[in-house]
Amino acid sequence: MPKVKTKSSAKKRFKLTGSGKIRRKHAYKSHILTKKETKRKRNLTKMGEVHESDVSRVKDMLRI
């Protein structure tokens with residue numbers, strides 16, 4: 001039986017923490033930044049956590 005490959009798009013988008021949680025980047029940080037407030041842009045830079053309802057789907061893409 002061959003090895004199951006990880007989805008390369010998921011590998012680039014998600015990071016696994018030491019405790020096993022899955023981290024993700026925020027959306028809306030790539031363009032039209034002039035009308036967004038500085039505080040909002042700063043908070044979008046920080047990593048967020050994947051929601052509990054999506055964890056199983058992301059783990060399946062990462063083959064965890």
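Here a colleague asks a modeller how the labels on this predicted model were reached.

Colleague: Let's begin with Leu 62. Where is Leu 62, and why is Leu 62 called buried or exposed?

Modeller: Leu 62 belongs to helix H3, which covers residues 52–62. Its relative accessibility is 15%, and buried means under 20%, so Leu 62 counts as buried.

Colleague: Which residues are in contact with Leu 62, leaving aside its neighbours within four places in sequence?

Modeller: Those residues are Thr 6, Ala 10, Lys 11 and Phe 14. For a sense of how the chain folds back, take Val 4: Val 4 and Leu 62 are 58 residues apart along the chain, and their C-alpha atoms are separated by 9.9 Å.

Colleague: What makes a group of residues the largest nonpolar core here?

Modeller: A nonpolar core joins buried residues of listed kinds, such as Ala, Val, Leu, Ile and Phe, through side-chain atoms within 4.5 Å. The largest one has 6 residues: Ala 10, Phe 14, Ile 22, Val 50, Val 58 and Leu 62. Phe 14 is in contact with several of these, including Ile 22, Val 50, Val 58 and Leu 62. There is a general pattern behind this: in soluble globular proteins, nonpolar side chains tend to be buried together.

Colleague: Now a charged residue. How do you know whether Lys 36 has a salt bridge?

Modeller: A salt bridge needs a side-chain nitrogen of Lys or Arg within 4 Å of a carboxyl oxygen of Asp or Glu. For Lys 36, the nearest side chain of opposite charge is Glu 37, 13 Å away. Set against the 4 Å cut-off, that gives no salt bridge, so Lys 36 is buried without one.

Colleague: What does the side chain of Lys 36 reach, then?

Modeller: The side chain of Lys 36 reaches the backbone oxygen of Tyr 28 at 3.4 Å. A polar atom of the same side chain lies 3.2 Å from the backbone oxygen of Ile 32. A polar contact is a pair of N or O atoms within 3.5 Å, and both distances fit that limit. Lys 36 itself sits in the loop between strand S2 (22–24) and helix H2 (38–45). Not counting residues up to four places away in sequence, Lys 36 touches Tyr 28, His 31 and Lys 41.

Colleague: What is the phi of Tyr 28, and what is the phi of Ile 32?

Modeller: Phi of Tyr 28 is near 65°, and phi of Ile 32 is about 55°. Both values are positive, and neither residue is a glycine. As a general rule, most residues other than glycine have a negative phi. Tyr 28 lies in the loop between S2 and H2, and Ile 32 lies there too.

Colleague: Why is Tyr 28 called exposed and Ile 32 partly exposed?

Modeller: Exposed means over 50%. Tyr 28 has 65% relative accessibility, so Tyr 28 counts as exposed. Ile 32 has 47%, which falls between the two cut-offs, so Ile 32 is partly exposed.

Colleague: Back to salt bridges. How many does the structure hold, and what makes them count?

Modeller: The structure holds 2 salt bridges. In one of them, Arg 57 meets Asp 54 at 2.7 Å, N to O. In the other, the closest N and O atoms of Arg 63 and Asp 60 are 3.7 Å apart. Both distances are within 4 Å, so both pairs count. Arg 57 and Asp 54 lie in helix H3, 3 residues apart, about one turn of the helix. Arg 57 is exposed at 54%, whereas Asp 54 is partly exposed at 28%.

Colleague: Last one: which strands stand at the edges of the sheet, and why?

Modeller: The open sheet has 3 strands in the order S1-S2-S3, with antiparallel pairing. Strand S1 (14–16) and strand S3 (48–49) each have a single partner strand, so one side of each is left without a neighbour in the sheet.

Colleague: How do you know that S2 and S3 pair?

Modeller: Pairing needs at least two bridges, and S2 and S3 have 2 bridges, so they count as paired. Within S3, Glu 49 stands opposite Arg 23. The C-alpha atoms of Glu 49 and Ile 22 are separated by 6.0 Å.

Technical notes
Residues numbered from 1 in each chain as written. Predicted model: local features only at pLDDT ≥ 70, side-chain atom pairs only at ≥ 80, totals over all residues. Heavy atoms only, no water. Helix = DSSP H or I, 4+ residues; strand = E, 2+ residues; numbered from the N terminus. Buried < 20%, exposed > 50% of the residue type's maximum accessible area, 1.4 Å probe, protein only. Contact = heavy atoms within 4.5 Å. Lys, Arg positive; Asp, Glu negative; His and termini not counted. Polar contact = N/O pair within 3.5 Å; in protein donor to acceptor, adjacent residues only side chain to side chain.
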